[in-house]
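Reader: I have a model on screen and want to read it feature by feature. Where do we begin?

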Amino acid sequence: MKLTQLIKAGYGQGHLADYKPWLRVTKHDYSPSSYIGYLNSPEFGHTHHYRSAGERHMLVFLKWLGAADLRDQYPAWPWSHHHPACGLPAVGFARRSRGLLCVAEELGIRHGVFPGTDIPYVATIDILATWKKADGSYGLTAHDCKPEAKIRQNGNLDRLKQRLLLIQAYCEESGIEYRLTHPERLPQILRRNLDALNPLLRPDQEKRLRLSHEYELVVQACTRWGYANSPHAILDDLAYLHGVNRQTLDRALHLALWRQDLDHDLGRPLEIYRPLILGGRRLRAAMHDQWVGGEQ
């Protein structure tokens, strides 16, 4: 059947370039009440399939916070299976999770089946983020992205709340930090800035730019003069004095602001015709504590 074919094809499994979301947005999908689409992610080697504007915002936001991988529409398999961390360095494949059916039975919550069948439904986590810790080990956080107003409603949404409880219990049993996130709480200006700066570069491309002469020029010059003068004027001077390509300097500036190699507060409007404003690194650390928690 189709379920078996999807599993054999590797959907909902692996990491980085090997990962394919369990739920995919196709040209036949349409939602009158939600914003769905694709988000290219060359740094992780796959394309995200988001099913709401909130999921899209969270994917970019978690990437900015430093996630080592982001797996959207990640399946919480109903049966016993490899732990979601399996395949990461130093983890191996010996660790297993019981599956959501056992969790549902213990909680007394109906698991659910595919319509018209007795086959257990495959529930999904909106975003499963991987984080590399300072000691080289890895941790996982699960982010279910739901509007706060929707969660506060009663009545017909009871089933949604039951499913969220199942996912939370599954994550707790698996040692995965669970976060029921409300993306609409993300500051609008920060969301806009992150969308504008999102580098969309493969790891080798980002490393090449970061190690380039142009990047070094931009970071050094803007660190020295950028808090009293506009980055736009500084880049004009660099292009003239060093004979370097202005577009390359612009790309370097955007990456330095994204990475916070240039400390600039992205919670304020991004205006390169005005001096930089300190506070970006402090903001990112605070946002990491608030939305992810634990060790960076």
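Reader: Start with the sheet. What is the order of the strands, and how do they pair?

Author: Keep in mind that this is a predicted model. The sheet is open and has 4 strands, in the order β3-β6-β7-β8, with mixed pairing. Its edge strands are β3 and β8 (177–181), each of which pairs on one side only. From one strand to the next, the twist averages 30°.

Reader: In which sense do β3 and β6 pair, and over how many bridges?

Author: The sense is antiparallel, and there are 7 bridges. Take Arg71 as a register mark: its bridge partner in β6 is Leu128.

Reader: How do β7 and β8 run, and how many bridges join them?

Author: β7 and β8 run parallel, joined by 5 bridges. Here the register mark is Cys145, whose bridge partner in β8 is Thr181.

Reader: Which helix packs on the sheet, touching β3, β6, β7 and β8?

Author: That is α2, residues 53–65. The direction of α2 makes about 15° with that of β6.

Reader: Now helix against helix. How are two packed helices described?

Author: Use two values: the angle between their axes and the distance between the axes. In this model, α2 packs with α6 (residues 188–197) at about 75°, and their axes are 10 Å apart. Angles of 65 to 115 degrees count as roughly perpendicular. The two helices, α2 and α6, are therefore roughly perpendicular to each other.

Reader: Which residues of α2 and α6 meet?

Author: From α2 come Arg56, His57, Val60, Phe61 and Trp64. They meet Leu190, Arg191, Leu194 and Asp195 of α6.

Reader: Next, helix faces. Why do residues three or four places apart in an α-helix point the same way?

Author: An α-helix has 3.6 residues a turn, so that spacing brings residues round to the same direction. Apply this to α3, residues 100–107, where Leu100, Val103 and Ala104 are the buried residues. Looking down the axis of α3, you find its buried residues within an arc of 100°, so they line one face of the helix.

Reader: What covers the buried residues of α3?

Author: The cover includes β3 (69–76), β6 (123–132) and α5 (158–174). Of these, β3 has 8 of its 8 residues buried, so the rest of the structure largely encloses it.

Reader: And which exposed residues sit on the face of α3 turned away from its buried side?

Author: Glu105 and Glu106. Glu105 has 66% relative accessibility, so it counts as exposed; the cut-off is over 50%. Across the fold, the C-alpha atoms of Glu105 and Leu166 are separated by 10.0 Å, although the two residues are 61 residues apart along the chain.

Reader: What phi does Gly108 take, just after α3?

Author: A positive one, about 70°.

Reader: Finish with a single residue in a strand. Is Thr141 buried or exposed?

Author: Thr141 counts as buried because its relative accessibility is 4%, and the cut-off is under 20%. Thr141 lies in β7, residues 138–145.

Reader: Which side chain makes a polar contact with that of Thr141?

Author: The side chain of Trp131, at 2.8 Å. Trp131 is also one of the residues that Thr141 touches, leaving aside those up to four places away in sequence. The others are Ile127, Leu128, Ala129, Ile176, Glu177 and Val292. Leu128 has come up before, as the bridge partner of Arg71.

Key: Residues are numbered from 1 along each chain as its sequence is written. This is a predicted model: local features need pLDDT of at least 70, side-chain atom pairs count only at pLDDT 80 or more; totals for chains, interfaces and linings use all residues. Side-chain values use heavy atoms; hydrogens and water are left out. Buried means under 20% relative accessible area, exposed over 50%, partly exposed in between (1.4 Å probe, protein chains only). A polar contact is a pair of N or O atoms within 3.5 Å; within protein, one must be able to donate a hydrogen and the other to accept it, and residues adjacent in sequence count only if both atoms are side-chain atoms. Contact means heavy atoms within 4.5 Å. The arc is that of the directions from the helix axis to the C-beta atoms. Two strands pair if DSSP finds at least two bridges between them. Axes are lines fitted to C-alpha atoms, for helices over the stretch in contact, and angles run from 0 to 180 degrees between N-to-C directions. Angles under 35 degrees count as roughly parallel, over 145 as roughly antiparallel, 65 to 115 as roughly perpendicular and the rest as oblique.
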